[in-house]
Amino acid sequence: MAIDRTHCQQLDAQDPLSGFKARFQPPQKHTIFLDANSMGAMPAAVPDRLASFCTDEWVELRRQGWNHTEWLDRPRQIGDAIAHLMGAGQGNVVVCDNTTVNLYKILTYAWQSRKSGSTILTEDGNFPTDLYVAQGLNHNHPDPPEIKVCASRDELMDSFNTDTAIVYLSHADYRSGECWNMADINHRAHAIDALTVWDLSHSTGAIPVDLTGDDADFAVGCGYKYLSAGPGGSAYLWVNPRHAENGWPTICGWMGHQDVFAFATEYEPLSGAGRHATGTPAVIANEIFSCAAQIWQEVDEKHLWAKHKALGDLTMELLEQECGSLGVTINTPREYKQRGGHIGFSHPGAGPVSEALLAAGVVGSFRRPNSLRFGLGPLYLSYEDIWEAVSRLRKILESGDWQDAKYQTVSV
Ligand SMILES: Cc1ncc(COP(=O)(O)O)c(C=O)c1O
């Protein structure tokens, strides 16, 4: 039976997470944002938090803010609030720096911690910055790893061997949304004495992640995507407690010192993941992230994942039902366990279609040569939003509007 708007409204009426929509600021126009894989929605508490930060904390406290506020606690506090979304224990997630810096810190730390092998094994679906960080290590490190970038998933699976020191992957592919089986990769890596480093940017806050249960070694991820940390918001890193005391962090900064305000001459690393904090935290950005963290703390991750699955199923079914005969093909695997946070699909005119969608108030994203992505934020998207977005897409394709000259220059 065909899905219609009424069916979507019924799903909304039964949604246990529907109350969370009001915790995010709605856009003024009737725009549907399907870009959680790029930037999550703004928590409604942010403007007041920033206003009071400016007046009560910056203006009235200035440097005393370090003593009388939570500025210095935020990296650990936010880490604890999001830990349940990735199967991490309390105290093992630290919010700091950006993802690239964290990748560099953690990949280098993993490289120093390796048991054997001389190769970092990855594949070209890993995000470019991840690949560049590995290449940089090969270029700059005094004891450089070989970097093997596999051209396909099958090649990667066939490349595990005793020379492999680290398996280094984005959990979900940033283009297709295809997900690795984390437990299986960790298991295979450990069987050859290799370690694993995961980029969870397209997973945490959308799909089930169980770093502890799946026995991963290290992970990092973006704060500003599904987690709603805000533009340029801090990233996070996770270190399996068994590696927490392996050695000094890559960047030995004062925030990773055992006693920050002792101003000791000698570096003494903090115990645990906290040693990977570097310098002064991004205080203002973290105030914004803390508004989202407050929400995440209240979210039952099982409900979150179930809603994300249902939104993803609905998106794929509607794309096929409404637009399948108009040139749309789904790129993301059907199998739920192989899906990341977004649904990818292709169309021969994907770039101009993406522009026409923007003009029609549907914010997805385009990736060359012909893919579109709908990133699904379960806390603020309704099932009816999906219906509405796909209906607008169908109209654009049916009318051929996307072929208009004004849509041929494609934005990022
Ligand atoms: C998988 C993945 N990793 C890393 C990044 C970049 O992170 P940052 O700019 O915080 O270094 C992105 C950006 O989109 C990404 O998709």
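**Exercise 1. State what share of the contacts between residues at least 6 apart in sequence joins residues at least 24 apart.**

Solution. In this predicted model, contacts in the protein between residues at least 6 apart in sequence are taken as the base set. Of these, 72% join residues at least 24 apart.

**Exercise 2. Compare the radius of gyration of the protein with the globule rule.**

Solution. Step 1: the secondary structure comes to 12 helices and 13 strands. Step 2: for 412 residues the globule rule gives 22 Å, and the radius of gyration is 22 Å, so the protein is as compact as a globular protein of that length. Step 3: the C-alpha trace spans about 70 × 60 × 40 Å along its principal axes.

**Exercise 3. Describe burial and the exposed surface.**

Solution. Step 1: under 20% relative accessible area counts as buried, and buried residues make up 56% of the 412 residues. Step 2: the protein exposes about 17700 Å², of which carbon and sulfur atoms supply 51%.

**Exercise 4. Locate the largest nonpolar core and the elements that give residues to it.**

Solution. Step 1: this core has 50 residues, and those with the most contacts inside it include I82, M86, W198 and W296. Step 2: among the elements giving two or more residues to the core are α4 (74-83), β5 (164-170), α9 (283-298) and α10 (301-323). Step 3: α9 provides the largest share, five residues. Step 4: domain 1 (5-44 + 300-407) and domain 2 (70-298) each supply at least three residues. Step 5: apart from this core lies another, of 34 residues, including I3, C8, I330 and A389.

**Exercise 5. List contacts of W198, leaving out residues up to four places away in sequence.**

Solution. W198 touches, among others, L169, H171, W180, M182 and F218.

Conventions: Residues are numbered from 1 along each chain as its sequence is written. This is a predicted model: local features need pLDDT of at least 70, side-chain atom pairs count only at pLDDT 80 or more; totals for chains, interfaces and linings use all residues. Side-chain values use heavy atoms; hydrogens and water are left out. A nonpolar core is a set of buried Ala, Val, Leu, Ile, Met, Phe, Trp, Tyr and Cys residues joined through side-chain atoms within 4.5 Å. Buried means under 20% relative accessible area, exposed over 50%, partly exposed in between (1.4 Å probe, protein chains only). Helices (H or I, at least four residues) and strands (E, at least two) are DSSP runs, numbered from the N terminus. Domain bounds come from an automatic or database domain assignment. Contact means heavy atoms within 4.5 Å. The radius of gyration is taken over C-alpha atoms; the globule rule is 2.2 Å times the number of residues to the power 0.38. Accessible areas come from the Shrake-Rupley method with a 1.4 Å probe; for residues, only the protein chains shown count as cover.
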